[in-house]
Amino acid sequence: QAAIWAQGGVDGTGPARQPGQPCCAGIAMRAALAAAWLTLRLPSSTAKAAPPGLTPGLAAELPVLTRTGLDYCPPIEVSFVDFACVDNSSRAGFFAFLFRRAEEVLWAIANAREAGRLGLGKTGGSLSFLESAMLLLCWMHLDCAFQGDKEAESYWVSQFIVRCREMQMRAPAMPPEENAVDLCMDLEFLNSVLAHVRSYVLSEANQSEEGDAVHAVYPPDVSPACKGRTGAVLGPMRPLTRREVPPDMYTLSVAMKPLVAMMGLVIEKGPGGFVVNLGASDGECQAQGVVMDAANCAFDSGARGVAVEGRRGWALDGRWPSVEVHSGYITPWNVSEIIKASLKSQGAKAIDLLKIDLDHADCTFAEEILRRVPTPRALHVEYNRALPPPIIFREHFSERTLDSFAQVDDSWHVFGSRRHWIGCSMQAWNDVVAPHGFELLQADFQDLIFIQAGLRDQLGIEMPPQRSLFDHWLDAVHCTVPGRYLHGLQHHARFDLRALAEAGPQDRCRLAAAWWAHEGDAELAELSC
């Protein structure tokens with residue numbers, strides 16, 4: 001295998017390939033595809049042209065971030081041009097397909113690493129190459145915004161060439177540079193490369209060191225903020241299943257060790273436990289062996305409570321003998337009355353678990369509930385993973401959004417390319433629940449678990465070392481594969497989310513504020529630090 005892969009990528013931990021040196025020996029993919037490849041020889045110059053003009057008055061507000069690894073797409077200096085043409089492009093569907101294929105490859109890498117089949121070096125090398133391919137794909141995806149203006153087109157070409165050469169340097173199957181032919185604009189070629197890397201991970205990976213079964217973590221040349229992250233977790237790992245709506249979306253298991261311990265306590269109480277599930281979906285606990293809704297699992301185990309689901313198509317009535325079902329959309333101002341009425345009718349005095357996954361203004365619902373009902377012992381909530389601490393992002397409750405939900409089978413269809421502007425950020429959630437005595441127990445790709453301090457000792461769970469919320473976010477979201485690519489988050493963002501992880505706290509807030517000013521809707525949400 002290539003030395004660059006064995007050494008973990010171009011991140012300073014191993015030797016980079018020298019000009020003219022083949023990247024990989026013994027991998028013969030190129031010959032089989034040669035007849036279909038687009039041929040375009042690389043120009044010799046890689047000098048960068050000046051970027052096109054920024055949004056007026058914005059340039060002075062943007063921090064300058066210097067990277068030693070793979071650059072951003074789009075670069076910070078052009079992150080706030082008009083990308084409206086991208087969604088209307090005739091190629092948009094194929095690009096979406098390729099990004100989903102890339103997420104499949106990332107999951108293959110993650111699963112192989114967690115199974116102990118892929119060592120640290122090969123994991124880093126695979127991820128380094130895949131990131132360079134994704135950046136090239138991103139640059140092609142956004143090219144329509146740089147057409148029609150000579151200066152902008154010159155900038156696009158120069159940037160595209162740089163990214164193409166980055167990919168060639170990291171590729172598992174590219175020819176020596178003196179015979180190089182530029183295949184970077186051939187989307188079918190990129191699709192074949194993704195398939196090849198997935199095959200490599202699934203079939204050719206060697207056994208790694210004994211006990212070396214941890215989460216796959218991005219190497220520093222993908223994101224310097226991940227340097228030193230080990231991937232060690234509380235386990236179990238993250239099994240996943242595939243959903244049909246929206247197409248090719250993966251659902252992760254929520255049954256990691258701390259939540260399992262907490263649910264064990266609820267289940268032991270049997271009929272004595274009381275659970276509130278806001279967003280019960282179809283009522284299923286799991287699918288294909290993957291735990292999808294811990295609150296539904298508690299109901300299946302005999303816990304009492306109330307289940308709320310806005311979509312009336314789900315047949316939840318009578319599913320659980322000790323659970324009251326509320327079908328139809330709710331508001332932050334009537335949800336407390338629904339919960340209090342259920343507590344009273346079932347003779348319960350306390351809430352063991354409150355789960356909130358309404359896909360809309362979740363922390364606004366939580367605020368109202370915590371003001372008006374007995375404080376739950378534990379909270380299981382979905383959060384906006386795009387925006388790291390200390391960024392406070394809160395979606396406002398909107399009847400307009402509920403009306404949109406009512407028109408579709410799955411709320412994800414409403415979010416579309418704005419899925420990074422929904423829900424509540426990790427910092428926003430912490431600010432809402434901390435005054436009520438909650439502390440963060442667990443963070444994963446999609447959900448946060450908060451518990452009351454007294455419950456920690458009762459569960460016998462050793463809390464992780466004291467760390468900042470930002471460190472929790474780095475481990476749970478940014479550095480762990482697939483990270484920002486999960487559910488198409490990066491694909492739709494039009495802003496490289498790595499910049500938020502790699503900037504200091506003040507610059508992080510300035511970048512998020514600029515992005516929000518460019519895309520946001522103050523009627524629907526607010527962003528602050």
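## Buried backbone outliers, cores and a helix pair

Ala-361 is buried, with a relative accessible area of 0%. The structure is a predicted model. Although Ala-361 is not a glycine, its phi is positive, about 50°. The residue sits in the loop between strand 8 (353–356) and helix 11.

**Helix 11 and Trp-429**

Helix 11 spans residues 362–372 and is mostly covered, with eight of its 11 residues buried. These are Asp-362, Cys-363, Thr-364, Phe-365, Ala-366, Glu-368, Ile-369 and Leu-370. Trp-429 touches Asp-362, Cys-363 and Ala-366, among others. Its further contacts, leaving aside residues up to four places away in sequence, include Ile-356, Val-381, Glu-382, Tyr-383 and Cys-424. Leu-448 and Phe-450 are also touched by Trp-429.

**Nonpolar cores**

In soluble globular proteins, nonpolar side chains tend to be buried together. Here the largest nonpolar core has 103 residues, and within this core Leu-278, Trp-429, Leu-448 and Phe-450 touch the most other members. Domain 1 (87–170) and domain 2 (259–469) each supply at least three residues to this core. A second core, separate from it, has 23 residues, including Ile-391, Leu-497, Leu-511 and Ala-525.

**Backbone geometry**

Most residues other than glycine have a negative phi, and most peptide bonds are trans. The table lists exceptions.

| Site | Feature | Value | Loop |
|---|---|---|---|
| Ala-361 | positive phi | about 50° | strand 8 (353–356) to helix 11 |
| His-487 | positive phi | near 55° | helix 16 (469–478) to helix 17 (489–493) |
| Cys-73 to Pro-74 | cis peptide bond | omega near -5° | Pro-74: helix 2 (30–33) to helix 3 (84–87) |
| Pro-389 to Pro-390 | cis peptide bond | omega about 10° | Pro-390: strand 9 (378–382) to strand 10 (392–395) |

His-487 counts as buried because its relative accessibility is 6%, and the cut-off is under 20%.

**Helices 4 and 5**

Two packed helices are described by the angle between their axes and the distance between the axes. For helix 4 (residues 92–114) and helix 5 (residues 120–141), the axes come within 11 Å and cross at roughly 170°. Helix 4 is therefore roughly antiparallel to helix 5, as angles over 145 degrees count as such. On the helix 4 side, the contact is made by Phe-95, Leu-98, Phe-99, Ala-102, Val-105, Leu-106, Ile-109 and Arg-113. Helix 5 contributes residues including Leu-120, Thr-123, Ser-126, Leu-127, Met-134 and His-141. By class, the contact comprises 14 nonpolar, three polar and one charged residues.

Conventions
Residues are numbered from 1 along each chain as its sequence is written. This is a predicted model: local features need pLDDT of at least 70, side-chain atom pairs count only at pLDDT 80 or more; totals for chains, interfaces and linings use all residues. Side-chain values use heavy atoms; hydrogens and water are left out. Axes are lines fitted to C-alpha atoms, for helices over the stretch in contact, and angles run from 0 to 180 degrees between N-to-C directions. Helices (H or I, at least four residues) and strands (E, at least two) are DSSP runs, numbered from the N terminus. Angles under 35 degrees count as roughly parallel, over 145 as roughly antiparallel, 65 to 115 as roughly perpendicular and the rest as oblique. Contact means heavy atoms within 4.5 Å. Ala, Val, Leu, Ile, Met, Phe, Trp, Tyr, Cys and Pro count as nonpolar, Asp, Glu, Lys and Arg as charged, and the others, Gly among them, as polar. A nonpolar core is a set of buried Ala, Val, Leu, Ile, Met, Phe, Trp, Tyr and Cys residues joined through side-chain atoms within 4.5 Å. Buried means under 20% relative accessible area, exposed over 50%, partly exposed in between (1.4 Å probe, protein chains only). Domain bounds come from an automatic or database domain assignment.
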